[in-house]
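These are my notebook entries on one structure, kept in the order in which I looked things up.

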Amino acid sequence: ARSYLSSTMTDRFDCYYCRDNLHGKKYVKKDEKHVCTKCFDKLCANTCAECKRPIGADAKELHHKNRYWHEDCFRCAKCYKPLASEPFSARDDGKIMCGKCGSREDGNRCQGCYKVVMPGSQNVEYKNKVWHEECFTCFECKQPIRTQSFLTKGDDIYCSPCHDKKFAKKCFHCKQPISSGGISYQDQPWHSECFVCHTCRKTLAGARFTSHENKVYCVDCFKTDVAKKCHGCKNPITGFGHGTNVVNYEGYSWHEYCFNCKKCCLSLANKRFVINGDHIHCPDCAKKL
């Protein structure tokens, strides 16, 4: 608001323009010049950006970014709410809007180019925001999403191929991105369809399996093709269930429960034993032989 002054000096004190004596009268100080209210209204007053009329010396004036308004003219262009003491926003087209109408207007602006999205035009709406269809583009490849599926990372939007390439885990087997699902084995991600038996190619997701030399096998193929045979019972040593513990000696292997004295059946695991041909004996039975 402008401040007004009244002169009480006894020396001559005149209006800069009309030279009228200003003693005891209201005047305005404009650019270090003293101006009576009549000359101010005629020669110095700013023009209201809304009604285009001068803003007189006796009127309350508001200004924002080198534009001026009568207090009563400073209203929302949409709902006409007085904004002299309210939050407001100045639009690109020069209009002043209250916060509520400004937010509603912004809601119709494209988030890509910030131009208004005209009703009936091709557009995309997502999370209460709107884009022109051609402005709704992938953050990585810059191509319009249109009818493709898309994913988000923070506020950025990606088409599915770019998102997978940039963020998805890579399958340990085929090295291609895992867009959804997948399994983890030994802290490595796999496609479910890639996690298969090395021999028969049967899927191992949800099935019992074992690994050997960085390859995975179903139980049947491991028994048949990979597992060592017990020197006692001649069956595969799989490492599963009751056959978990194994005894190895000079290139031969036994299930722990098969590593017994041939004569007295005493378990010799972690004990002294004697090899006699293909058989093992405890020291006592070996002496008798």
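Where does tyrosine 80 lie? I found tyrosine 80 in the loop between E5 and E6, and I kept in mind from the start that this is a predicted model. I looked up tyrosine 80 for its backbone, since its phi is near 65°, a positive value in a residue other than glycine. Its relative accessibility is 56%, and because exposed means over 50%, I entered tyrosine 80 as exposed.

I then turned to phenylalanine 74, which is found in the loop between strand E5 (67–70) and strand E6 (88–90). In contrast to the tyrosine, phenylalanine 74 counts as buried, because its relative accessibility is 4% and the cut-off for buried is under 20%. Leaving aside neighbours within four places in sequence, I noted that phenylalanine 74 is in contact with Leu62, Trp69, Lys81, Pro82, Leu83, Ala84, Phe88 and Ile96. For one of these partners I also recorded the spacing: phenylalanine 74 and phenylalanine 88 are 14 residues apart in sequence and 10.0 Å apart in space, C-alpha to C-alpha.

Next I checked the record. The unreviewed UniProt entry carries the annotation "domain: LIM zinc-binding" for residues 46–107, 108–169 and 228–289. For the span 108–169 I noted that the end C-alpha atoms lie 37 Å apart, and that the span is 13% helix and 27% strand.

Arginine 146 was my next entry, and I placed it in the loop between E9 and strand E10 (150–153). Arginine 146 has a positive phi of about 50° although it is not a glycine, and at 46% relative accessibility it counts as partly exposed.

I went on to the pockets. The largest has a volume of about 420 Å³; of the 18 residues that line it, Gln111, Trp131, Asp155, Asp156 and Ile157 are the closest to its centre. Strand E9 (129–132) and strand E11 (156–159) are the elements that give two or more residues to this lining. Sorted by class, the lining of the largest pocket has 8 nonpolar, 5 polar and 5 charged residues.

The second largest pocket holds about 220 Å³ of space. I listed its lining residues, among them His231, Trp254, Cys258, Cys261, Cys265, Asp278 and His279, and by class that lining has 5 nonpolar, 4 polar and 3 charged residues.

Is histidine 281 buried or exposed? I entered histidine 281 as buried, because its relative accessibility is 5%. Histidine 281 has its place in strand E21 (residues 279–281). Not counting residues up to four places away in sequence, histidine 281 touches Cys261, Lys262, Lys263, Leu268, Phe273, Val274, Asn276, Ala286 and Leu289.

My last entry concerns the largest nonpolar core. In soluble globular proteins, nonpolar side chains tend to be buried together. Here the largest such core has 14 residues, of which Phe195, Cys197 and Leu204 touch the most other members. The elements that give two or more residues to this core are strand E17 (215–218) and helix H4 (219–226), and E17 gives the most, with 3 residues. I followed phenylalanine 195 further and, with its neighbours within four places in sequence left aside, found it in contact with Ile183, Tyr185, Trp190, Thr203, Leu204, Ala205, Phe209 and Val216.

Key. Residues numbered from 1 in each chain as written. Predicted model: local features only at pLDDT ≥ 70, side-chain atom pairs only at ≥ 80, totals over all residues. Heavy atoms only, no water. UniProt positions renumbered as here; feature names shortened; annotations may be inferred. Helix = DSSP H or I, 4+ residues; strand = E, 2+ residues; numbered from the N terminus. 1 Å grid on protein atoms, 1.4 Å probe; cavity = no way out; pocket = protein on both sides within 12 Å on 5 of 7 lines; lining within 4 Å. Points joined across faces, edges and corners; volume = space filled by probe spheres on them. Nonpolar A, V, L, I, M, F, W, Y, C, P; charged D, E, K, R; others polar. Buried < 20%, exposed > 50% of the residue type's maximum accessible area, 1.4 Å probe, protein only. Contact = heavy atoms within 4.5 Å. Core = buried A, V, L, I, M, F, W, Y, C linked by side-chain atoms within 4.5 Å.
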